[in-house]
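Student: I would like to take a close look at one single part of this protein, and to see how that part sits within the whole. Could you guide me through it step by step?

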Amino acid sequence: MESQFYSQLKATVARSPREANIGGVPTSVAEVKGYVRVRASRKELGPDVEILQEVNGDYCWVVIYYMFRAGLYDVAAQYINENAAAFKQIDRKFTGYLRAFLSSSEHRLSSEMQVAINNEYSARARLAPENSIDPYRMMCYKIVGRCEVGQRNLDTISSDMTDWMWLQFALAREYEKRDELAHEAFGLEELRASIGAIGERYFGPGSEIANAPTTFFFMQIMAGMFEKAVADLYPHNYVSATHFAIALNFYGLLRVSGDLSNEDLLSHTTSGQPQIAFGSLVGLYTRDFRTANATAAVDYLTLICLNADMTGDIGKAQKELCYQALIEVVLETREFAQLLGDVRSDGQRIRGAIEQRLKLIKLDNEKEFLKHITLVAARTAEDQSRTTDAALLFHLAEDYDKVITVVNDALSVYLTTEMGEQPAKLTPLKPRTQQQGGVQPQDERLSSLSLTAIDDPVELAFSMRGLYTSNDVYVTKIRGDNLEITNRLLTLANARIAIEQSRFADAIDEVTSSNLLPANASGNLSDIRARAQAFDQMETMLARTIGHVMLWTVVACSNQVDKLRRAEYETGFQQEAIKRCIQTAKDVIVFAGLIRYRLPSRVWETLAQTGQDLGAY
């Protein structure tokens, strides 16, 4: 505050050179004298300048006061020494008080000198005739001798809120209760209490003071009331409050809350110390832009880990809070490729924004990152049936077997969609980078999973199978039966597509190839019973499709028989093909009868009707 005032003092002198009339070299003494002259010309030295004492044409006590105000204490002593003869006549004792004040590292007087200056101050204030004493002289005594610290106002001196704040700090001293007299006790705690009282009185709701919230914020910050300052500013300007909180936290000046269940911005410790819910403060701020700029949100949320080095449980709690916030923004924005990473077409991993900031979030290696953030996000995406999201995230977490499981599940659901209905599309990933005009990169090596807008579960399954089977590193980490399920489901998908395209013979061949039904049993009941007995051990993703696949098969057989019977020329090959189709339909219906009670009633009824129309029994 002293440095800021000195800058303002010099600026005032520079703007009014005629009134300042400093002449020659602009020393500190000359600048302060000039400043006093400018204020005198503007009639800003008080209502009654006649009572102000002069030395060589300058209001000496005003000059000394403003030297104190600018932090120029040594310059004030120099000024008095240069005018020693005049000051001996005006006030011979003040020179000694100021010399003792400057020689003390804490700007304190000895006990004997303290008693003397207090007595002199009190006598002058009590005995001098009204409106006859220089108020600036009394203020200089108050500052040097901390006289009547209970009265800390500048009533008779033209001043503003900053001057008042400066006076509080000029009078405050740290003290030991056993050493300080009660009426002289005025330290940081008393200063804070005074500011708190001022705030309630003058800066509350409906205050008429210009810029009241920011003025009070400045006062609180100067007094080290950092937590209360941020909390009080937040309702008026949450952007500034958040950024001041970040700066204070960076320098270790903010006490943060370790109670994550407390939703209040400002709370207190068991010992009554104020604390700020820093994580909640930053997290709420990112809601303004996290969807539009997820990377910027990550930059802010990583700041929560500034507190991770705190000792005890609070440091661990802050770290976990940071991870929770990062997971939340990942899941909310779905910017998985941008934040957690992407996969090139050759399987190579691309680091995401969070992974690039591992040191900032106190994670030492990639494995910890996968454990703490990527896997949690992957499991959440899976629970929410976001297949492409889950596939990418599990791949980034290097759980390749789980990727195949997720893909298989989506493909199985696709196959159970009723024929003729539009299967549900997957929600494609948000691309890591938007290509101009939506054009995909020409170089295949630059392509990645996020840049390929896959919304078809069949296409996704083909892509992931192709990626994994082309590299032994992946294959060794995937259960063989899991990839086999993928192969069989993709074969069934081909069968469904063939039926939709009226390629009934191809559909029958694909079902036969999947080995899911006894489509090639040729009437062998032992084979059909063996398949029925093995049904209970069948993988769920395959078992759930079996009712639909049986319907496709019988429908395909029926339509293929109709097609062959309508042929213009009848050949032995046609008759043989018709017999095979009817036999396949019979075998499937027999199989269905053996597992009838594990099928929906609608499936059995449709099979029976279609088989009867075909003449399968």
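Student: Before we turn to helix α13, how many Å² does the protein chain expose, and what share of that do carbon and sulfur atoms supply?

Tutor: In this predicted model, the protein chain exposes about 31000 Å², and 49% of that area is supplied by carbon and sulfur atoms. The chain is built with 30 helices and six strands, and its C-alpha trace spans about 140 × 50 × 45 Å along the principal axes. Its radius of gyration is 43 Å, whereas a compact globule of 617 residues would have one near 25 Å. Even so, buried residues make up 48% of the 617 residues, and among contacts with a separation of 6 or more, 62% are between residues 24 or more positions apart.

With that setting in mind, we can turn to helix α13, which covers residues 226-233. Six of its eight residues are buried, so this helix is largely enclosed by the rest of the structure. Buried here means that a residue has under 20% relative accessible area, and the residues of α13 that meet this condition are Phe226, Glu227, Ala229, Val230, Ala231 and Leu233. As for what encloses them, the cover over these buried residues includes the helices α12 (212-222), α14 (238-250) and α15 (278-286), together with the strands β3 (266-268) and β4 (274-276).

Note on methods: Residues are numbered from 1 along each chain as its sequence is written. This is a predicted model: local features need pLDDT of at least 70, side-chain atom pairs count only at pLDDT 80 or more; totals for chains, interfaces and linings use all residues. Side-chain values use heavy atoms; hydrogens and water are left out. Helices (H or I, at least four residues) and strands (E, at least two) are DSSP runs, numbered from the N terminus. The radius of gyration is taken over C-alpha atoms; the globule rule is 2.2 Å times the number of residues to the power 0.38. Buried means under 20% relative accessible area, exposed over 50%, partly exposed in between (1.4 Å probe, protein chains only). Contact means heavy atoms within 4.5 Å. Accessible areas come from the Shrake-Rupley method with a 1.4 Å probe; for residues, only the protein chains shown count as cover.
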